[in-house]
Amino acid sequence: MGIGNSTLAAAVTCGLCGLPPERVTGPGTGSTGECFARKLDAVRRSCDRVVGSGPLEILRRAGGRELAAIAGAAAAALARRMVVVADGFISSAAVAALIAAEPAARPGVIFSHVGGEPGHRLLLDWLQATPLLALEMALGEGTGGLAALPLLDLACATHNSMASFAEAGVPDRG
């Protein structure tokens with residue numbers, strides 16, 4: 001369970017996208033009232049600290065070790081020519097910093113879903129990424145990625161077993 005991670009993801013998203021904290025920061029695990037005001041203030045202060053920084057510096061200073069570890073794991077997987085499935089706002093923010101620093105990483109990343117946090121949709125738009133699912137989940141623990149895996153399995157199975165036009169006897173339409 002990651003209490004506070006949506007705060008970090010909002011701060012990274014603000015830093016990368018140049019968006020105001022008020023547009024990006026959502027309730028996370030249900031913060032309201034004074035609790036939400038403190039969260040918004042934390043995101044605001046974090047954004048002020050990273051103005052003008054590069055993407056990895058934004059990740060380091062606003063996202064902390066947790067998000068940096070996600071970005072590092074994604075970079076290692078991509079270096080091994082593995083596909084990365086980014087799940088939810090937190091992992092999307094970490095991977096977005098990696099992509100901003102190294103745009104060649106983008107084709108190897110699939111975004112499983114868009115969650116309920118307002119910053120997640122804004123971040124995916126900034127990345128020009130279309131997630132596989134739009135269920136507005138806010139569960140964490142990789143649930144969006146797990147929900148997307150059957151779709152990826154089906155897509156691979158279809159691609160690998162589909163006949164070409166010639167194999168299926170489709171006449172030339174030229």
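## A quick tour of a helix-rich chain

Let's start with helix α5, which is mostly covered: eleven of its 14 residues are buried. Keep in mind as you look around that this is a predicted model. Overall, the protein chain has eight helices and two strands, and 40% of its 174 residues count as buried.

**The whole chain**

- Starting from the N terminus, you meet the elements in the order α-α-α-α-β-α-β-α-α-α.
- Taken along the principal axes, the box filled by the C-alpha atoms is roughly 65 × 30 × 30 Å.
- Look at contacts between residues at least 6 apart in sequence: 56% of them join residues at least 24 apart.
- The chain exposes about 9700 Å², and carbon and sulfur atoms supply 59% of that area.

**Helix α5, the covered one**

- Helix α5 takes in residues 88–101. From its first C-alpha to its last it reaches 20 Å, close to the 20 Å expected at 1.5 Å a residue.
- Which residues of α5 are buried? They are Gly88 and Phe89, then Ser91 and Ser92, and then the run Ala93, Ala94, Val95, Ala96, Ala97, Leu98 and Ile99.
- And what covers these buried residues? The cover includes the helices α1 (5–17), α2 (21–24), α4 and α6 (118–127), along with the strands β1 and β2.

**Helix α7, the one with a kink**

- Helix α7 covers residues 143–161, which makes 19 residues. It reaches 28 Å from its first C-alpha to its last, close to the 27 Å expected at 1.5 Å a residue.
- Where does α7 kink? The spot is Leu149, shortly before the proline Pro150, and the kink is about 30°.
- Gly144, Gly145, Ala148 and Leu152 are buried in α7. The buried residues of this helix pack against β1 (84–86) and β2 (109–111).
- Here's a handy rule for reading a list like that: an α-helix has 3.6 residues a turn, so residues three or four places apart point the same way.
- Ser161 also belongs to α7. Is Ser161 buried or exposed? Its relative accessible area is 61%, and exposed means over 50%, so Ser161 is exposed.
- If you want a feel for distance, try Ser161 and Cys14: they are 147 residues apart along the chain, and their C-alpha atoms are separated by 43 Å.

**A nonpolar patch on the surface**

- Val83, Val85, Leu146 and Leu149 form a nonpolar patch on the surface. Together they have about 330 Å² of accessible area.
- You've already met one of these patch members, Leu149, as the site of the kink in α7.
- Val83 sits in the loop between α4 (55–79) and β1. Val83 counts as exposed because its relative accessibility is 54%.

**Two loop residues with positive phi**

- Arg81 is in the loop between α4 and β1. Its phi is near 65°, a positive value in a residue other than glycine.
- How exposed is Arg81? Its relative accessible area is 78%, so Arg81 is exposed.
- Gln128 also has a positive phi without being glycine, with a value near 55°. Look for Gln128 in the loop between α6 and α7.
- With 72% relative accessibility, Gln128 counts as exposed too.

Terms used
Residues numbered from 1 in each chain as written. Predicted model: local features only at pLDDT ≥ 70, side-chain atom pairs only at ≥ 80, totals over all residues. Heavy atoms only, no water. Helix = DSSP H or I, 4+ residues; strand = E, 2+ residues; numbered from the N terminus. Expected span 1.5 Å × (residues − 1). Bend = angle between axes of the 7 residues up to and from the residue. Buried < 20%, exposed > 50% of the residue type's maximum accessible area, 1.4 Å probe, protein only. Contact = heavy atoms within 4.5 Å. Patch = residues over 30% accessible without salt bridge, like charges linked within 9 Å, V, L, I, M, F, W, Y side chains within 5 Å. Areas by Shrake-Rupley, 256 points an atom, 1.4 Å probe, with all protein chains shown as cover. Salt bridge = Lys/Arg side-chain N within 4 Å of Asp/Glu carboxyl O.
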